Amino acid sequence: MFPAGMRRRWWLFRIVDLIARHWPVLTKRTGLLIVRMDGIGDMVLFRQALDSYSSIFSIPNSDILVLGCKSWAEIASEVFNGYRLLIIDEHSYARQPFYRLKIGLMVRRLNVETTICDSYFRRAMMADSLVWVSAAEKTIVSLPFINEPTRAEFTYYLSQVDRIIDTGPYPTHEIIRHYNFLSSITQSRVLPKVPVVPWNEQSTLAPTSPYIVINPGSNEHGRRWPFENYLNIAEALCTKGYKVVIVGSRGERAGDHRERFGNDKRVIDLAGKTQLPDLMSVLKHADATISNDTGPAHLSIALGTPTVVIVGGGH
């Protein structure tokens, strides 16, 4: 009830979480809840593994509910077609007590039989608290990445679950972690699969082929290959008859291509101009993608587009 070493915010939300967890629910426990409080890239890396849960737990997809993030809400209904969905604003959940109580009660009222969270890089005040609030009959989580500021919180929440699965030492790839998690549950080897996400929508922003997408940005500067190198590649691609489409969020803009290309119509700058569904369509219909190790790279691979990922820095 009064664990030591918790940050002030944990104590501020404690009464909210206690109310939600102990809220009386009289319906029969049923179904599987999977907590995914992560970004678009990690969601994509998890998606293919999700299709193994139905056979492992002997339940239909319609009894599996994915608790996901607002950051990928726009594409969730198609990417998770056939599964139940509950999308929340993860940042509001972590900061606003009344919103947190609302979501906590929604999760508790699901009255699920089993709750799972296999994310390695996760936040205890988001993902692990949602696992705890669900009050499921059985809770299974992976051993997360823990540092000193989060050790007390993770230690508490991990002490509350039924099973903890070590999916491998850092820096084991996320895809390998997901299948190590499944293998541990089944006690037999579940072979990893390449990420695949379904996507059939079209966007007017996608240019006519042939074109190649470049993504020179990243939310971590250590992952950014020098912008000048991307411009060199864009120049070479243009000479070979390709259009070049620059993508990325407005806050991840790596530079201004016009300093090299001026108003050359062969270079189309969509950075900061696409919603997530538009980006999915642009990536899917591209002849290839060249990207730093970030969300659009994972999306491109999962959409079946030939993709070169430039890896360096970050985790």
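Here are some short exercises, with worked solutions, on a predicted model.

**Exercise 1. The nonpolar core**

Find which residues touch the most other members of the largest nonpolar core, and which helix gives the most to this core.

*Solution.*
- Start with the core itself: it has 80 residues, and Tyr53, Leu67 and Trp72 touch the most other members.
- Next, look at the helices: helix 7, residues 124–134, gives the most to this core, with eight residues.
- There's another core apart from this one, with 15 residues, including Ile212, Cys238, Val244 and Ile246.
- Now zoom in on Tyr53. Skipping its neighbours within four places in sequence, Tyr53 is in contact with Leu32, Ile34, Phe46, Ser58, Ile64, Ile116, Asp118, Phe181 and Leu182.
- As background, nonpolar side chains in soluble globular proteins tend to be buried together.

**Exercise 2. Two residues in helices**

Work out whether Ile15 is buried or exposed, then do the same for Leu276.

*Solution.*
- Ile15 sits in helix 1, which covers residues 8–21.
- Its relative accessibility is 53%, and exposed means over 50%, so Ile15 counts as exposed.
- Together with Ile19 and Trp23, Ile15 makes a nonpolar surface patch of about 280 Å².
- Leu276 belongs to helix 12, residues 276–284.
- With a relative accessible area of 13%, against a cut-off of under 20%, Leu276 is buried.
- What does Leu276 touch? Leaving out neighbours within four places in sequence, its contacts are Ile40, Ser71, Trp72, Glu74, Ile75 and Leu299.
- Pro296 is 20 residues from Leu276 in sequence, and their C-alpha atoms are 9.7 Å apart in space.

**Exercise 3. Backbone oddities**

Locate the cis peptide bond between Tyr170 and Pro171, then compare where Ser58 and Ala135, each with a positive phi, are found.

*Solution.*
- First, the general rule: most peptide bonds are trans, and most residues other than glycine have a negative phi.
- Tyr170 and Pro171 are joined by a cis bond, with omega at about 5 degrees.
- Pro171 is in the loop that runs between strand 6 (163–165) and helix 9 (174–186).
- Ser58 has a phi near 55 degrees, and you'll find Ser58 in the loop between helix 3 (53–57) and strand 2 (64–69).
- Phi of Ala135 is also near 55 degrees, and Ala135 is in the loop between helix 7 and strand 5 (138–142).
- Now check their surroundings: Ser58 counts as exposed because its relative accessibility is 66%, while Ala135 is buried, at 12% relative accessible area.

How values were computed:
Residues numbered from 1 in each chain as written. Predicted model: local features only at pLDDT ≥ 70, side-chain atom pairs only at ≥ 80, totals over all residues. Heavy atoms only, no water. Patch = residues over 30% accessible without salt bridge, like charges linked within 9 Å, V, L, I, M, F, W, Y side chains within 5 Å. Areas by Shrake-Rupley, 256 points an atom, 1.4 Å probe, with all protein chains shown as cover. Salt bridge = Lys/Arg side-chain N within 4 Å of Asp/Glu carboxyl O. Helix = DSSP H or I, 4+ residues; strand = E, 2+ residues; numbered from the N terminus. Buried < 20%, exposed > 50% of the residue type's maximum accessible area, 1.4 Å probe, protein only. Core = buried A, V, L, I, M, F, W, Y, C linked by side-chain atoms within 4.5 Å. Contact = heavy atoms within 4.5 Å.
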